[in-house]
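Visitor: Please take a close look at a single part of this model, the surface that faces the RNA. After that, add whatever helps to place it in the rest of the chain.

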Amino acid sequence: MDDPATPGPVRVRFAPAPTGSLHVGSARTALFNWLFARHHGGVFVLRIEDTDAARSRPEWIEGIQESLRWLGLDWDEGPYLQGERLDRYAAAAERLLASGRAYECFCTPEEVQARNEAARDAHRTPGYDGRCRDLTPARREVLAAEGRPRSLRFRTPDHGTSRFTDLVRGEVAVEWSTVADFVIRRSDGSPVFFLANAVDDSEMGITHVIRGEDLLDSTHRVLALRDALGDGPPPRYAHLPLMVGSDRAKLSKRHGAVALEDFRAGGYLPEAMLNYLALQGWAPDDDREVMAAGEIAAAFDLDRVTHSAAAFDHAKLEWMNGEWIRRLPPDDLLARLEPRARERYGDGVDAELLRDVVRIGQERASTLAALVEQADFLFEPDEAFEVAADSWSRLASTERASEVLDAVAGHLAGCEWTAEGVDLRPVLAELGVKPRKALPAVYAAVEGRHAGLPLFDSIVLLGRDRTLGRLADARARLET
RNA sequence: GCCCCCAUCGUCUAGCGGCCCAGGACGCCGCCCUUUCAAGGCGGUAACGGGGAUUCGAAUUCCCCUGGGGGCACCA
């Protein structure tokens, strides 16, 4: 996107508050910034907005970075911590106070909140009522002498219109008369988002601000602040459509996993996650869907960002993940499975056996977690083996179940121990039962579930003794 | 209550005045393949919220309505 108004290299930033793990919505925002930077050969800055001491936690700073790294979103500068730049915000606040663009406010948060609620109850518009806006110096002294807390509030313009051109939405305008004065420095002296954000975007030379639509309205306030600060031409803004749940409400825990970490733990590949997230609010100009990060970056353009909220579709993500699993070189898949297998079965995991699982299971897997679970019957000690309840009822209700198990055991006791040798179809044919009817019972007895890894390969991997043992157990249980 | 944004299949989306009685993908349904379940192949179901206006012509432009979402913190 060539933009004469902002010459020079593109500089974008991702600026999360360290108040929790990285949400998929935030990850999508980070991704779009990264894509934009990479597409233009620009700079991607990571900035931590930790000005809210009450909610920010240092451990989240690391957690967020880890999630970004996992996704593959490498940043070129930072992380800058706003907590380490307080002097700059303090200086800016003083300038605003000196120029009269901001004023000291002696209202407590509780008082402001109470008045807002009263306004709401009376169906009046909430927002700071301007009580301290034009205090006389004498009055200010009295209030200060009372020991009342003193915050700094920005005086928004009394009239006129604020407008800016959003790169995805076009011109956005709002009447200043509808925008209340807002706090830029807390009574404890710490800066509030608007101030720190305006100062940093300016000082860091940010050329494009790409963020969620929930920040659309706040842009006018930040723009006014910059203007009051005499900051020069502002960055271009691009507000991304929100990501919502299946009910179109803001994406939250009750819609299932929302933290990037949850998806990682659930066995989703970062390639799939990135690919899926890129398609939430953006699409290439052709029909490609399964795309690698570099491919997406090459095709990425803010012009093609959607305007309306996107509902998170777990089913499509799962499909996408399967696509990526199937594309992985087997050794790569194995490497990703190993830590997961060790965590589940202990350090003694048989690497060769796991390699076999990859061989027979890669093409059918949807997540790493599901693939490992399908191999439970191989890795768990025999004492821990048990047939899932629903699979057992499937087995028990199978026609001529006892005969089937007997015949299968009979065959496996003497056959050659290869995938061809353990092929059960001839046995079932002799019995006169269809594989479709009888096999789920064998699956249940041997794998503990009626659906899973390919049966004959599984039997070969399990070994003759263990297989026969499980068939015998199932047979015995059938008698009781 | 006030302000802002948005509106194509169930979902993600293509479409930027005629190529569209609307294309792709996920899901769903059916068939094929088959070692259950998957995966794979083939086919099918399914949408321009409503009303005006502009135009020879509107999913595409404008207005109104309706609907959805966001914001209105000493959160970001």
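Guide: What follows covers the RNA surface, then one helix pair, the domains and two backbone details. This is a predicted model, in which local features need pLDDT of at least 70 and side-chain atom pairs count only at pLDDT 80 or more, while totals for chains, interfaces and linings use all residues. Residues are numbered from 1 along each chain as its sequence is written, chains are lettered from A and ligands numbered from 1 in the order in which they are written, and side-chain values use heavy atoms, with hydrogens and water left out.

RNA strand B is surrounded by 73 residues, a residue being near the strand if one of its heavy atoms lies within 4 Å of it. The closest are R55, R186, R364, R425 and Y443. By class, this surface has 27 charged, 16 polar and 30 nonpolar residues; Ala, Val, Leu, Ile, Met, Phe, Trp, Tyr, Cys and Pro count as nonpolar, Asp, Glu, Lys and Arg as charged, and the others, Gly among them, as polar. Helix α11 (residues 314-327) gives the largest share, 5 residues. Helices here are DSSP runs of H or I with at least four residues, strands are runs of E with at least two, and both are numbered from the N terminus.

On the RNA side, 67% of the atoms within 4 Å of the protein belong to sugar or phosphate, and the rest to bases. Bases are also reached by the protein backbone: a backbone N or O atom of S187 lies 2.9 Å from a base oxygen of RNA strand B, and a polar backbone atom of P126 is 3.4 Å from a base nitrogen. At L279, a backbone N or O atom lies 2.9 Å from a sugar or linking oxygen of the strand.

Elsewhere, helix α13 (residues 351-361) packs with helix α20 (residues 455-462) at an angle of about 175°, their axes 11 Å apart. The two are therefore roughly antiparallel, a term for angles over 145 degrees. Contact, meaning heavy atoms within 4.5 Å, involves L353, D356, V357, R359 and I360 of α13 and D457, S458 and L461 of α20.

The domain assignment of chain A, automatic or from a database, gives domain 1 (86-240) and domain 2 (382-479). Their centres, taken over C-alpha atoms, are 70 Å apart.

Two backbone details remain. The peptide bond from G78 to P79 is cis, with omega near 5°, and P79 lies in strand β3 (residues 77-81). H123, in the loop between α4 (109-121) and α5 (137-145), has a positive phi, near 60°.

Terms used:
A polar contact is a pair of N or O atoms within 3.5 Å; within protein, one must be able to donate a hydrogen and the other to accept it, and residues adjacent in sequence count only if both atoms are side-chain atoms. Axes are lines fitted to C-alpha atoms, for helices over the stretch in contact, and angles run from 0 to 180 degrees between N-to-C directions. Angles under 35 degrees count as roughly parallel, over 145 as roughly antiparallel, 65 to 115 as roughly perpendicular and the rest as oblique.
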